[in-house]
Every structure is written in structure tokens, then in C-alpha cells.
Amino acid sequence: MANKRPKPEEIVTKLRQVEVLTGQGMSRLDAIRQIGVTEQTFYRWKKKYGGMGADQLKELKRLQKENERSRKAVSDLTLDKLILAEAAKGNF
């Protein structure tokens, strides 16, 4: 059975946990191992979510949903425009 992917909130928490552990004197590699991810995964998460707080994460999610709705609206309108243009040509 495949592992469950962590939610963005959990990722931000794990990134903070590594920061705390390294601040307490633990090596970064040991801290990464302690949170249960690979080094590559940690650096990918850090690149995407590094320095992000919970409120910024919520704003990011809201903007992504808004972007998805906008894209869907534009694609629907484009399709309607193409249908009307085809109908206006009068292909009989």
C-alpha cells in the first residue's frame, strides 16, 4: 500500500521541526531523518514551502482555487466563442 502524502500544513510543520532540531545542535541530516523523509524530499519541500507560515499557506490555497475557477471560466467562454463562430459560418 502506498504511503499517504502529507498535506501542505503538515509539510510546513515538519520544516519548522527540522529548524528547531538544528537550532538545538542536531545535524541537519539527522533532523531530516528524524521527521521521516529523505534529504531530497526535504529540500524540495523547503524550496516550495520554505519560510511560509500557516496564513500564507491558506492564502496560497485560496489563490490556487481562484486561479482554477478563472481558467475553467475562460475555457468555457472560448469554447462558446468557437461554437458561435462555427455556427455563424453557415456550414450547410
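**Salt bridges, helices and two domains**

Reader: What makes the meeting of the side chains of Asp30 and Arg33 a salt bridge?

Author: In this predicted model, the side chains of Asp30 and Arg33 come together with an N to O separation of 3.5 Å. The cut-off for a salt bridge is 4 Å between a side-chain nitrogen of Lys or Arg and a carboxyl oxygen of Asp or Glu, so the pair qualifies. Both residues belong to helix α2, where they are three residues apart, about one turn of the helix. In an α-helix there are 3.6 residues a turn, so residues three or four places apart point the same way.

Reader: Why is Arg33 called buried, partly exposed or exposed, and which of these words applies to Asp30?

Author: Arg33 has a relative accessibility of 55%, and because the word exposed is used over 50%, Arg33 is exposed. Asp30 stands at 39%, which is neither under 20% nor over 50%, and therefore Asp30 is partly exposed.

Reader: How many salt bridges does the structure hold, and which residue forms one with Lys61?

Author: The structure holds four salt bridges. One of them joins Lys61 to Glu9, with the closest N and O atoms 2.5 Å apart, which lies within the 4 Å limit. This pair links distant parts of the chain, since Lys61 is in helix α4 and Glu9 is in helix α1, 52 residues apart. Both partners are partly exposed, because Lys61 has a relative accessibility of 31% and Glu9 one of 36%, values that lie between the 20% and 50% bounds.

Reader: What makes Glu66 and Arg62 a salt bridge, and how far apart are they in helix α4?

Author: Their side chains meet at 3.1 Å, N to O, which is within 4 Å and so satisfies the criterion. Glu66 and Arg62 are four residues apart in helix α4, so about one helical turn separates them. Glu66, at 35% relative accessibility, is partly exposed, and Arg62, at 41%, is partly exposed as well. Glu59, Arg62 and Glu66 are linked in a network of salt bridges.

Reader: How do you know that the length of α1 agrees with that of a helix?

Author: Helix α1 covers residues 8-23, and at 1.5 Å a residue its 16 residues should span 22 Å, whereas its end C-alpha atoms are 23 Å apart, so the two values agree. The expected span is 1.5 Å times one less than the number of residues, which is why the end-to-end distance is the quantity to set against it. The helix is followed by Gly25, whose phi is positive, near 105 degrees.

Reader: Which residues of α1 are buried, and what do they pack against?

Author: The buried residues of α1 are Ile11, Val12, Leu15, Val18 and Leu21, and they pack against α2 (28-35), α3 (39-49) and α4 (54-89).

Reader: What does the same kind of check give for α4?

Author: The 36 residues of α4 should span 52 Å at 1.5 Å a residue, and the end C-alpha atoms lie 53 Å apart, so here too expectation and model agree. Just after α4, Gly90 takes a positive phi of about 75 degrees. Asp80 is found in α4 and, with a relative accessible area of 42%, is partly exposed. From the C-alpha atom of Asp80 to that of Leu60, 20 residues away along the chain, the separation is 30 Å.

Reader: Which residues does the UniProt annotation "coiled-coil region" cover, and what is the helix content of that span?

Author: According to the unreviewed UniProt entry, the annotation covers residues 53-80. In the model this span is 96% helix and 0% strand, with its end C-alpha atoms 41 Å apart.

Reader: What makes up the interface between domain 1 and domain 2?

Author: The domain assignment gives domain 1 as 7-52 and domain 2 as 53-91, and their C-alpha centres lie 35 Å apart. Seven residues of domain 1 are in contact with six residues of domain 2. The two domains bury about 500 Å² between them, 69% of it on carbon and sulfur atoms. Of the area that domain 1 buries against domain 2, Pro8, Glu9 and Met52 supply 74%, more than any other three residues. The count of salt bridges between the domains is one.

Note on methods. Residues numbered from 1 in each chain as written. Predicted model: local features only at pLDDT ≥ 70, side-chain atom pairs only at ≥ 80, totals over all residues. Heavy atoms only, no water. Helix = DSSP H or I, 4+ residues; strand = E, 2+ residues; numbered from the N terminus. Buried < 20%, exposed > 50% of the residue type's maximum accessible area, 1.4 Å probe, protein only. Contact = heavy atoms within 4.5 Å. UniProt positions renumbered as here; feature names shortened; annotations may be inferred. Domains from an automatic or database assignment. Buried area = accessible area lost by both parts, 1.4 Å probe.
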